[in-house]
Amino acid sequence: MRGSTPRCGSPSEADHTNPTFGTILRRLPGAQKSARGAPAYSRFVNRRAGGYLAAVAHLAGRTPNEVTLVSALCTLAGILALALLPPTPALGVGVAAALLLGYALDSADGQLARLRGGGHPSGEWLDHVVDSAKIPMLHSAVLVSAHRFGDHPDWWLLVPLVFTVVESVLFFAMILNEQLRKLHTTAGPANGTAPSAWRSLLVSPTDYGVLCLAFVLLGAHFAFTAVYTALLLAQTLFACAALPGWFLRAKRLTANGGEP
């Protein structure tokens, strides 16, 4: 533990000098960011899956940037398969699996960095660049697939285009929220209340993990189209509700030099 000096041969020292999978898992809670406000899949499933993958990568001596690149390759494989192959039930399962593995590895790279003692700005940069690329690429692949293999009405082709805009804006705004808070706030968390599980469930339709799961329905044309469109509507409603509040919070940061 930071600030303590374990005796030679103590379990704490052994955990760091000769770690096992179990000892790494016990260290994971301290290597994970707060899940406050995160949607349910990201909070309860993806974060834990990323922790297991981070432990495996730590034992294998891999670096966070290597994990980020593997995450990008998994996501890219799913996106290319979606764009290039005709939609079938098997393809839907494969695309969902590739995207979900990429998402779990996206959680693992940050946890691995903290397990190793802290990340580097270049790693955070790489992680955000990969994330910002996968959003438009994924929805563009949906558009390509719908145009090549589907029988959607012409107006529906606007759905993935609008999805690209809405999700890109939300992603950038959330990253900007975090950076502005770091820049203008020196105090710790405003309170120690536990994040609400009900809130996490309520915002589940905005979860990237839920979007990945939706591709399991890819072989069922009507079901996938309906779910994908519903997820866009949920994202749009969330954006309309969240963006004004985030703007006002940023305004208070500017006015007060920190959050009230």
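Visitor: Which side chain of opposite charge is nearest to Asp 109, and how far away is it?

Guide: In this predicted model, the nearest side chain of opposite charge to Asp 109 is Arg 114, 7.0 Å away. Asp 109 is buried, yet has no salt bridge. A salt bridge requires a side-chain nitrogen of Lys or Arg within 4 Å of a carboxyl oxygen of Asp or Glu.

Visitor: Where is Asp 109 placed, and which residues is it in contact with, leaving aside neighbours within four places in sequence?

Guide: Asp 109 is in helix H5. With those neighbours set aside, its contacts are Pro 64, Val 67, Thr 68 and Asp 127. Thr 68 is found in helix H4. Not counting residues up to four places away in sequence, Thr 68 touches Asp 109, Leu 126, Asp 127 and Val 130.

Visitor: Is Thr 68 buried or exposed?

Guide: The criterion is relative accessible area, and buried means under 20%. Thr 68 counts as buried because its relative accessibility is 2%. The C-alpha atoms of Thr 68 and Tyr 103 are separated by 9.9 Å, although these residues are 35 residues apart along the chain.

Visitor: How should the span of helix H4 be read, and what does H4 pack against?

Guide: A helix can be compared with the span expected at 1.5 Å a residue. H4 covers residues 64-84, 21 residues in total, and reaches 30 Å from its first C-alpha to its last, close to the expected 30 Å. Its buried residues include Pro 64, Val 67, Thr 68, Cys 74 and Leu 82. The buried residues of H4 pack against helices H3, H5, H6 and H9.

Visitor: Which residues touch the most other members of the largest nonpolar core?

Guide: In soluble globular proteins, nonpolar side chains tend to be buried together. Here the largest nonpolar core has 35 residues, and those touching the most other members are Leu 82, Leu 99, Leu 138, Leu 211, Phe 215 and Tyr 228. Two or more residues each come from H4, H5, H6, H7, H9 and H10. H10 gives the largest share of this core, 7 residues. Another core, of 11 residues, lies apart from it, and its members include Ile 24, Leu 28, Leu 105 and Leu 115.

Visitor: Which residues is Leu 99 in contact with, leaving aside its neighbours within four places in sequence?

Guide: Under that condition, Leu 99 is in contact with Thr 75, Ile 79, Leu 138, Tyr 208, Cys 212 and Phe 215. Cys 212 is classed as buried because its relative accessible area is 0%. Cys 74 is also buried, with a relative accessible area of 17%.

Visitor: How many disulfides and how many salt bridges are counted?

Guide: The count is 0 for disulfides and 5 for salt bridges. In one of the salt bridges, Glu 124 pairs with Lys 182, the closest N and O atoms being 3.6 Å apart. This pair links distant parts of the chain, with Glu 124 in helix H6 and Lys 182 in helix H7, 58 residues apart. Lys 182 also forms a salt bridge with Glu 178, at 3.5 Å between the closest N and O atoms. Glu 178 and Lys 182 both lie in helix H7, 4 residues apart, about one turn of the helix.

Visitor: Which residues are linked in a network of salt bridges?

Guide: The network links Asp 106, Asp 131 and Lys 134. Lys 134 and Asp 131 form a salt bridge with their closest N and O atoms 3.4 Å apart. Both of these residues lie in helix H6, and both are buried.

Methods:
Residues numbered from 1 in each chain as written. Predicted model: local features only at pLDDT ≥ 70, side-chain atom pairs only at ≥ 80, totals over all residues. Heavy atoms only, no water. Expected span 1.5 Å × (residues − 1). Buried < 20%, exposed > 50% of the residue type's maximum accessible area, 1.4 Å probe, protein only. Contact = heavy atoms within 4.5 Å. Core = buried A, V, L, I, M, F, W, Y, C linked by side-chain atoms within 4.5 Å. Lys, Arg positive; Asp, Glu negative; His and termini not counted. Disulfide = S-S within 2.5 Å.
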